[in-house]
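Open the model in your viewer and keep the sequence panel beside it. Each stop below gives a selection, then what is found there.

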Amino acid sequence: MDNLLSHVDILKKTLQEATIAQPRLQAIKLYPVCDIESGHFLVLATGWDKQRWMDTILFHARLVEDKIIIEEDNFEEGLTTALIAAGIRKEDIINSLEAAIAV
C-alpha cells in the first residue's frame, strides 16, 4: 500500500510541475487532471494553436494495482523519465503496448 500511495503522490506532483511551464508562443493552457479513485492521471492541452482550436491529451497514465501504465506521453522530454527521476522504479512503469501484449 505504501508503494501505491507513493506512486499517487509522485504522479500528482510530476503532472503539476509539468503544467507550470506553459507554452509561450500560443494561447494554450496545460491542465493536470488527477482522478485518484479511478487511477487516471492526465495532462490536457487546450487553447488556440495559431488559427486552430486545440483540445488534446498530452499525457495519460493509469494506476493499476502497483504499476503505472503509460497510455500517452507526448511531452518533448517525456514525463516517464521524470517519474523515474522522482523515484518510481522503472519496473513499475509499463508502456500501454506492453500491457496489451500481456493481456
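Select Pro32 and Val43. Pro32 stands opposite Val43, which belongs to strand S2. This is a predicted model, so treat each stop as a reading of a prediction. Now show S1 and S2 whole. The two strands pair in the antiparallel sense, over nine bridges. They also form a hairpin, with four residues between them. Click on Gly39 in that turn: its phi is positive, about 80 degrees.

**Across to S3**

Keep Val43 selected and look to its partner in S3. Which residue is the bridge partner of Val43 there? It is Phe59. S2 and S3 pair in the antiparallel sense too, through ten bridges. So S2 has S1 paired with it and S3 paired with it, and the sheet order S1-S2-S3 agrees. Colour S2 by accessibility. The strand is mostly covered, with seven of its ten residues buried.

**Thr46, inside S2**

Select Thr46. Its place is in strand S2, residues 40–49. Is it buried or exposed? Its relative accessibility is 17%, and buried means under 20%, so Thr46 counts as buried. Show its surroundings, skipping neighbours within four places in sequence. Thr46 is in contact with Ala27, Ile28, Lys29 and Tyr31, and also with Trp53, Met54 and Asp55. Ala27 opens the range given for strand S1, 27–35. Trp53 falls within the range given for S3, residues 52–64.

**The turn at Lys50**

Go on to Lys50, in the loop between S2 and S3. These strands make a hairpin with two residues between them, and Lys50 takes a positive phi near 60 degrees. Its relative accessibility is 71%, so Lys50 counts as exposed. Draw a distance from its C-alpha atom to that of Ile28. The two residues are 22 apart along the chain, and the atoms are separated by 9.7 Å.

**The aromatic pair**

Show the rings of Trp48 and Trp53. The structure holds one aromatic pair. The ring centres of Trp48 and Trp53 are 5.4 Å apart and their planes meet at 75 degrees, so this pair is edge-to-face. How covered are the two residues? Trp48 counts as partly exposed at 47% relative accessibility. Trp53 is partly exposed as well, with a relative accessible area of 47%.

**His60, further along S3**

Select His60, which lies in strand S3, residues 52–64. Its relative accessibility is 16%, so His60 counts as buried. Turn on side chains and find His40. The side chains of His60 and His40 are joined by a polar contact of 2.8 Å. Widen the selection, again leaving aside neighbours within four places in sequence. His60 is in contact with His40, Phe41 and Leu42, and with Ile69, Ile70, Glu71 and Glu72. Check the strand ranges as you go: His40 opens the one for S2, residues 40–49, and Ile69 falls in the one for S4, residues 67–73.

**Glu65, leaving S3**

Next is Glu65, in the loop between S3 and S4. It has a positive phi of about 55 degrees, although it is not a glycine. With a relative accessible area of 68%, Glu65 is exposed, because that value is over 50%.

**S4 and S5**

Move to strand S4, residues 67–73, and its partner S5. In which sense do they pair? They pair in the parallel sense, over three bridges. For one of these, select Ile68: its bridge partner in S5 is Ile93.

**The sheet as a whole**

Now show every strand. The five strands form an open sheet in the order S1-S2-S3-S4-S5, with mixed pairing. Strands S1 (27–35) and S5 (93–95) stand at the edges with a single partner strand each, so one side of each has no neighbour in the sheet. Neighbouring strands are turned by 20 degrees against each other on average, ignoring direction.

**Zoom out**

Switch to cartoon for the whole protein. It has three helices and five strands. Along the sequence, they follow the pattern α-β-β-β-β-α-β-α. Then switch on the surface. The protein exposes about 6,900 Å², of which carbon and sulfur atoms supply 54%. Of its 103 residues, 34% are buried. Last, draw a contact map. Among contacts between residues at least 6 apart in sequence, 36% join residues at least 24 apart.

Notes: Residues are numbered from 1 along each chain as its sequence is written. This is a predicted model: local features need pLDDT of at least 70, side-chain atom pairs count only at pLDDT 80 or more; totals for chains, interfaces and linings use all residues. Side-chain values use heavy atoms; hydrogens and water are left out. Buried means under 20% relative accessible area, exposed over 50%, partly exposed in between (1.4 Å probe, protein chains only). Contact means heavy atoms within 4.5 Å. Accessible areas come from the Shrake-Rupley method with a 1.4 Å probe; for residues, only the protein chains shown count as cover. A polar contact is a pair of N or O atoms within 3.5 Å; within protein, one must be able to donate a hydrogen and the other to accept it, and residues adjacent in sequence count only if both atoms are side-chain atoms. Rings of Phe, Tyr and Trp (its six-membered ring) pair if their centres lie within 6.5 Å; planes under 30 degrees apart count as stacked, over 60 as edge-to-face and the rest as tilted. Two strands pair if DSSP finds at least two bridges between them. Axes are lines fitted to C-alpha atoms, for helices over the stretch in contact, and angles run from 0 to 180 degrees between N-to-C directions.
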